[in-house]
Amino acid sequence: MQKINKQIYFLISIVFFVIFDLYFSGLIINELRYELPQNPIFNLISVQNTGAAFNIFENSRSFLIIFAIVALLTIFIYTVRNAEKFSTLASFWAAMLVAGITCNLYERIIFGHVRDFIALNFIDFPVFNISDIFINISVIALIIIIIKNNYLKK
């Protein structure tokens with residue numbers, strides 16, 4: 001795939017993930033006004049998170065906004081400039097990472113906090129949202145790709 005095609009794929013993937021995240025997060029948050037059925041795996045509850053993962057940097061909105069913008073610009077510029085080196089799969093995961101960071105940044109700017117709503121019932125774990133899922137899965141996938149690529153070079 002040519003560099004420009006990979007860049008377009010990356011951008012379209014970001015748009016898709018951002019729309020998916022914001023649409024379904026909004027839908028879930030709106031439904032939380034009603035009594036939702038409980039299940040053994042997870043509950044949907046509304047939590048306003050003013051920090052980052054595991055509530056680190058709680059009430060550090062400005063720092064978290066600046067950190068997210070720097071991370072976004074770094075990942076975005078690196079991926080676009082080096083698109084020819086990225087596999088389609090790596091571009092997919094990088095786009096998911098950018099979208100997750102973007103959506104959490106959007107909520108932090110617009111609402112003053114991130115709206116978390118997924119609470120796991122089978123483990124004591126912080127409440128999280130779709131953006132957090134995107135960020136964690138994509139980081140793990142990118143680490144695996146980097147390790148695999150470095151292993152294959154040797």
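Let's start at Ile123, which counts as partly exposed because its relative accessibility is 44%, a value that falls between the 20% limit for buried and the 50% limit for exposed. You'll find Ile123 in the loop that links strand 2 (114-120) to helix 4 (130-153). Pro40 sits 83 residues away from Ile123 along the chain, and the C-alpha atoms of the two are separated by 11 Å. Keep in mind as you look around that this is a predicted model.

Now step back and take in the whole chain. Its elements add up to 4 helices and 2 strands, and if you walk from the N terminus they come in the order α-β-α-α-β-α. The C-alpha trace spans about 50 × 35 × 25 Å along its principal axes. Of the 154 residues, 38% count as buried. How much area does the chain expose, and what share of it do carbon and sulfur atoms supply? The exposed area is about 9800 Å², with 69% of it coming from carbon and sulfur. As for how the chain meets itself, take the contacts between residues at least 6 apart in sequence: 74% of those join residues at least 24 apart.

Helix 1 is a good place to begin a tour of the elements. It covers residues 3-31, and Leu27 is part of it. Leu27 has 36% relative accessibility, so it counts as partly exposed. Leu27 also belongs to a nonpolar patch on the surface, together with Val15, Phe16, Ile19, Phe20, Tyr23 and Phe24. Together, the residues of this patch have about 680 Å² of accessible area.

Moving along, we come to the loop between strand 1 (42-49) and helix 2 (61-81), which is where Phe57 is found. What stands out about the backbone here? Most residues other than glycine have a negative phi. Phe57 is not a glycine, yet its phi is positive, at about 60 degrees. Phe57 counts as partly exposed because its relative accessibility is 44%.

Next up is Phe76, in helix 2. With a relative accessible area of 30%, Phe76 is partly exposed too, because that value is neither under 20% nor over 50%. Which residues does Phe76 touch, once those up to four places away in sequence are set aside? They are Phe10, Leu11 and Ile14. Leu97, for its part, is 21 residues from Phe76 in sequence, and the C-alpha atoms of the two are 9.8 Å apart in space.

Helix 3 (residues 88-111) gives us a couple of residues to visit, and Asn104 is one of them. Is Asn104 buried or exposed? Its relative accessible area is 10%, so Asn104 is buried. Leaving out neighbours within four places in sequence, Asn104 is in contact with Val114, Asn129, Ser131, Asp132 and Ile135. Gly100 lies in helix 3 as well. Gly100 is buried because its relative accessibility is 0%. Its contacts, again without neighbours within four places, are Ser131, Phe134 and Ile135. Gln48 is 52 residues from Gly100 along the chain, and their C-alpha atoms are separated by 17 Å.

What about charges? The chain carries 11 positive and 9 negative side chains, and the centres of these two sets lie 19 Å apart. The count of salt bridges comes to 1. Here the side chains of Arg115 and Glu107 meet, with 3.1 Å from N to O. Are these two partners buried or exposed? Arg115 counts as buried because its relative accessibility is 15%. Glu107 is at 2%, so it counts as buried as well.

Let's finish in helix 4, where Tyr151 is found. Tyr151 counts as exposed because its relative accessibility is 63%, and the limit for exposed is over 50%. Lys3 is 148 residues away from Tyr151 in sequence, and the two are 25 Å apart in space from C-alpha to C-alpha.

Note on methods. Residues are numbered from 1 along each chain as its sequence is written. This is a predicted model: local features need pLDDT of at least 70, side-chain atom pairs count only at pLDDT 80 or more; totals for chains, interfaces and linings use all residues. Side-chain values use heavy atoms; hydrogens and water are left out. Buried means under 20% relative accessible area, exposed over 50%, partly exposed in between (1.4 Å probe, protein chains only). Patches are made of residues with over 30% relative accessible area and no salt bridge: like charges are joined within 9 Å, nonpolar side chains (Val, Leu, Ile, Met, Phe, Trp, Tyr) within 5 Å. Accessible areas come from the Shrake-Rupley method with a 1.4 Å probe; for residues, only the protein chains shown count as cover. A salt bridge is a side-chain nitrogen of Lys or Arg within 4 Å of a carboxyl oxygen of Asp or Glu. Contact means heavy atoms within 4.5 Å. Lys and Arg count as positive and Asp and Glu as negative; His and the chain ends are not counted. The place of a charge is taken as NZ of Lys, CZ of Arg, CG of Asp or CD of Glu.
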